[in-house]
Amino acid sequence: MSIHFRRAGSGEPLLLIHGIGHRHQAWEPVFERLTAHHEVIALDLPGFGNSPVPGTGMPADMAATVAGVLPVLTEWGLERPHVAGYSLGGAIALELAATGAAASATAFSPAGFFTPAERRRALAILRMLRANSYLPTPIMRVALRSAYLRALCFAPLMARPTLLDVERALGDALALRRGLGFNAVARAARDYRFDCLRLSDPTVPVTIGWGDRDRIFGVHQAERARAGLPAARVVTLPRCGHVPMSDDPDLVAGLILETTGAVPRTERPIRPAPASIASQEDHFTL
C-alpha cells in the first residue's frame, strides 16, 4: 500500500493522523513544535491527500482501517509509536492504543462517541463542505482571498478560520474534493462506536481534547469519553473548533507532548466538558 507522508525530527516516533477528507498538512501549525522532541511522521491516509486508494479498495470498517495501518508501521520501523489524531484520526489513535500498538494516544474530537443522529448531522455538514469544494478552482481561489468568505467556508471546522492563509485554505478545499476515500469512510462510520472497554490498560497514557467550539462533534460528547475512559485525561480546548491545530498550536502541541511524556504535565485553564449531554444533539449549528 502506497502512503504519502512527511517525516522529520528525532527521538521517540510520533505518528500524526488526520480526519476524513483532510490531509497531513493539517498538522503544519504544530509540526515544528513536535519535531523538537520527537521523530514525527504525518501521513495521508489511504484515499486522501496524496495517498491513493489501495488496490484492494478502501477498508470496510474501523477494524479493517486499523489492520491496514499496522503493516505500514512495521514497514516504517515504528514499534509502538506515540499517536495523535483528530476526528477519524483520533478514533484511529484510540484504536491503536486499544490494540497495544501505541505507546500513547492523543485524540482531538475523536469519532466514535456520537449518537446515530449526531453522526448523521456531522456527515451532512462534511458533505455540504465537500459539495462546495467542487466550484471551479479559479473561482474558489478568488473567493478565499476574502477573509469573510474564508471564515464562512471554514467556520464548521475551526473557531478562527481567518488564521488560514489563502493557499492553505485552497489546498484543504481541493483535498476535500479529491479525497476519493470520502464516501467509503463515511459509509464505514455508520455502525462505528468506540468500545471503551477495549482501552483498559491504564499504563498507556491517553488524552482526549475537545474544542469548546466544535461544530462537527459537539463538546458535550467529551463527557461520554470521560465516563467511558476514566483513566484518560479528558479536557476541553478553549476557543478551538473541530480541527484545533490552527486555532491554538501551542495548546495542541503541549497536550500531545505532555501525553508522550516529552514535557512535564502542567495545569491548564481548561474548562471541564458540560456535565449534561441531554438534548444537546442540535445545539451546535452553522
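Helix 2 (residues 62–75) and helix 3 lie roughly perpendicular to each other (a class covering angles of 65 to 115 degrees). In this predicted model, their axes come within 10 Å and cross at roughly 70 degrees. Axes are lines fitted to C-alpha atoms, for helices over the stretch in contact, and angles run from 0 to 180 degrees between N-to-C directions. Helices (H or I, at least four residues) and strands (E, at least two) are DSSP runs, numbered from the N terminus.

Helix 2 contributes M62, T65, V66, V69 and L70 to the contact (heavy atoms within 4.5 Å). Helix 3 supplies L88, A91, I92, E95 and L96. By class, the contact has 8 nonpolar, 1 polar and 1 charged residues.

An open sheet of 7 strands follows the order 1-3-2-4-5-6-7, with mixed pairing (at least two DSSP bridges between two strands). Strand 1 (5–8) and strand 7 (233–237) each have a single partner strand, so one side of each lacks a neighbour in the sheet. The twist averages 15 degrees from one strand to the next.

Strand 2 (residues 13–17) runs parallel to strand 3 (residues 39–43), joined by 5 bridges. L14 has V40 as its bridge partner in strand 3. Helix 3 (residues 88–98) packs on the sheet and touches strand 2, strand 4 (82–86), strand 5 (104–108) and strand 6 (206–211). Its direction makes about 150 degrees with that of strand 4.

The protein averages a pLDDT (the predictor's confidence in each residue, from 0 to 100) of 91. pLDDT stays under 50 over residues 272–286. Where pLDDT is low, the predicted coordinates should not be read in detail.

Residues are numbered from 1 along each chain as its sequence is written, and side-chain values use heavy atoms, leaving out hydrogens and water. Local features need pLDDT of at least 70, side-chain atom pairs count only at pLDDT 80 or more, and totals for chains, interfaces and linings use all residues.

Notes. Angles under 35 degrees count as roughly parallel, over 145 as roughly antiparallel, 65 to 115 as roughly perpendicular and the rest as oblique. Ala, Val, Leu, Ile, Met, Phe, Trp, Tyr, Cys and Pro count as nonpolar, Asp, Glu, Lys and Arg as charged, and the others, Gly among them, as polar.
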